[in-house]
Amino acid sequence: MKVKNKLMSGGIWAFIGKFSTSVMTLVVNVVLARFLQPSDLGVYFLAFNLALLGAYLGTLGFEQTILKYVADNMGKKMRANVVYVIKFSYISAIVGAIILGGLYYFSSTWISKTVFQSVGLYSISILLIFWIVANIFQILLGETFRGFQDIRFASIFGGVLSTTIFIVSFYFGYYFEWLEINLKTVIAVWVCSLVISNLLGIFFLIKKIYSIKQGEGPLEKKSLKSKELWSTAYPLLIVSVSSYILNQSDLWIIGMVRGDDDVAIYGATAKLTMIVSMPIFIVNAVVPPMIAEKFAQGKLKELEKMLRFVCTLATIPALGLVLLFAFYGGNVLSLLFGSFYSGGALMLFLLSIKHLFYVWFGVSGIVLAMTGKQKDLMRITLTTGMLSVILSFVLGSHFGGIGVAIGFLISSACSQIFSWIRVRNLLNVRADADFIGTFIQLKVFLKKRKIKKNIAS
């Protein structure tokens, strides 16, 4: 299948998946803001972020490793390697889940009461452990199907199905008064939704593995070694965790320097600005296996124009949202979450600019990860991740949420720009928005289309 066709077919499913998940997540946050007290909503946002951080730690870096090696070996038709990397990754994830669950269980008192001074967070410690474990396997399932370039199943089992189940369960539980809506109930419903989605995803993955084994001829001898997988996974683990810290630890810093109410306001603005990055999330859901495959074939340069073209298309709506938040941020927050949250207007604007940088340069990090340059990406994300924590903690202590937003804006911009420079220097490839080039491509396309119409007539 040609690159354009893969982008088109994968892009449609990625759009359906990422758009629907983003919209549904926003709806969930808006609804919870109406049902929960601001302090409970603040705890929910903290728990949500901790559950995802724990999940990325628990995968031990194998979510990107499985994507890279499945895509690479499927392109080379090395089926034994594909089966091996899937088995090894999931066994490693089980070990990671046990380790993370145990660590959080024994440190939950210190994290909740000492670090965040939150009794509410301590009260949901056991539920949070189950949330972490369920997220580990959702992340791994999504990236496994993405490695097969099956963007449909990657979208469904990477978040769409679990979020849909949560919304349906929450609605019927409230409508028929089956559930008492409180913080513990909300998290319990999330865990159950994830478990159901994961079980279905594992069923389809087993079918996929069986069809690979039953493919043309007997399986060849595997050439992959566990040492090679681990050497790839640990830098990607550091990249995943550092990237998550760079993008999400702002809520924890607010929790450390302010109260649960401030966390609720900041969390509402942060969750809303995620829609600015939605276009590049769609792109990044499609292109990683294509980059890995083209790099293995020595044809990465072929993708450059297409990568820059889709980055430009992603940046246009992101710019529109930034302008909307700049002029009407307070009104949008008040309309969606309630008047209590309208005070986060300036934070909304600053955080939307942070996401704009990610959209503009966001494919660069994926290119490094999928072309064996994960150690370069690790150094960049680790350095900027540490910078974000230090800068935001200092500014947040003096200026609250606005200071934290400024700190993360600066460090995030540095991360994206450094990744872009590294890709250009190491691979001689650019992966950023190109408005002039895109305009020329569209102009040429329209001219060719006009010529074809004239010939046909």
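Where in the structure is the place of Asn-428? In this predicted model, select Asn-428 and you will find that residue in the loop between helix H16 (401–427) and helix H17 (435–456). Its backbone deserves a look, since phi of Asn-428 is near 55°, a positive value in a residue other than glycine. Asn-428 is also exposed, with a relative accessible area of 54%.

Next, select Glu-177, which sits in the loop between helix H7 (151–175) and helix H8 (183–213). Although Glu-177 is not a glycine, its phi is positive, at about 60°, and because its relative accessibility is 70%, Glu-177 counts as exposed.

From the loops, turn to the aromatic rings, of which the structure holds 29 pairs. Select Tyr-44 together with Trp-131: the two rings form a tilted pair, 6.1 Å centre to centre and with 35° between the planes. Tyr-44 belongs to helix H2 and Trp-131 to helix H6 (residues 125–147), so this pair ties together parts that are 87 residues apart in sequence. Both Tyr-44 and Trp-131 are buried.

Now select Phe-88 and Trp-230, an edge-to-face pair with 5.9 Å from centre to centre and 80° between the planes. Here Phe-88 comes from helix H4 and Trp-230 from helix H9 (residues 226–248), so the pair ties together parts that are 142 residues apart in sequence. Phe-88 is buried, with a relative accessible area of 16%, whereas Trp-230, at 36% relative accessibility, counts as partly exposed.

For a group of rings, select Phe-35, Phe-166, Phe-170, Tyr-174 and Trp-190, which ring pairs link into a cluster. Two basic side chains can then be viewed against neighbouring rings: Lys-68 lies over the face of Tyr-69, at 5.3 Å from the ring centre, and Arg-152 lies over the face of Phe-153, at 4.5 Å from the ring centre.

The last stop is the second largest pocket, which holds about 260 Å³ of space. To find this pocket, select Leu-50, Leu-53, Leu-57, Tyr-104 and Ile-111, the residues nearest its centre among the 15 that line it. Helix H2 (38–58), helix H4 (79–115) and helix H10 (250–257) are the elements that each give two or more residues to the lining, and H4 gives the most, with 7 residues. If you colour the lining of this pocket by residue class, 13 residues come out as nonpolar and 2 as polar, with no charged residues.

Definitions and conventions
Residues are numbered from 1 along each chain as its sequence is written. Side-chain values use heavy atoms; hydrogens and water are left out. On a 1 Å grid over the protein atoms alone, a cavity is a set of points where a 1.4 Å probe fits but cannot get out, and a pocket is an open set with protein on both sides within 12 Å along at least five of seven lines; lining residues have an atom within 4 Å of a point. Grid points are joined across faces, edges and corners, and a volume is the space filled by probe spheres set on the points. Helices (H or I, at least four residues) and strands (E, at least two) are DSSP runs, numbered from the N terminus. Ala, Val, Leu, Ile, Met, Phe, Trp, Tyr, Cys and Pro count as nonpolar, Asp, Glu, Lys and Arg as charged, and the others, Gly among them, as polar. Buried means under 20% relative accessible area, exposed over 50%, partly exposed in between (1.4 Å probe, protein chains only). Rings of Phe, Tyr and Trp (its six-membered ring) pair if their centres lie within 6.5 Å; planes under 30 degrees apart count as stacked, over 60 as edge-to-face and the rest as tilted. A charge sits over a ring if NZ of Lys or CZ of Arg is within 6 Å of the ring centre and within 35 degrees of the ring normal.
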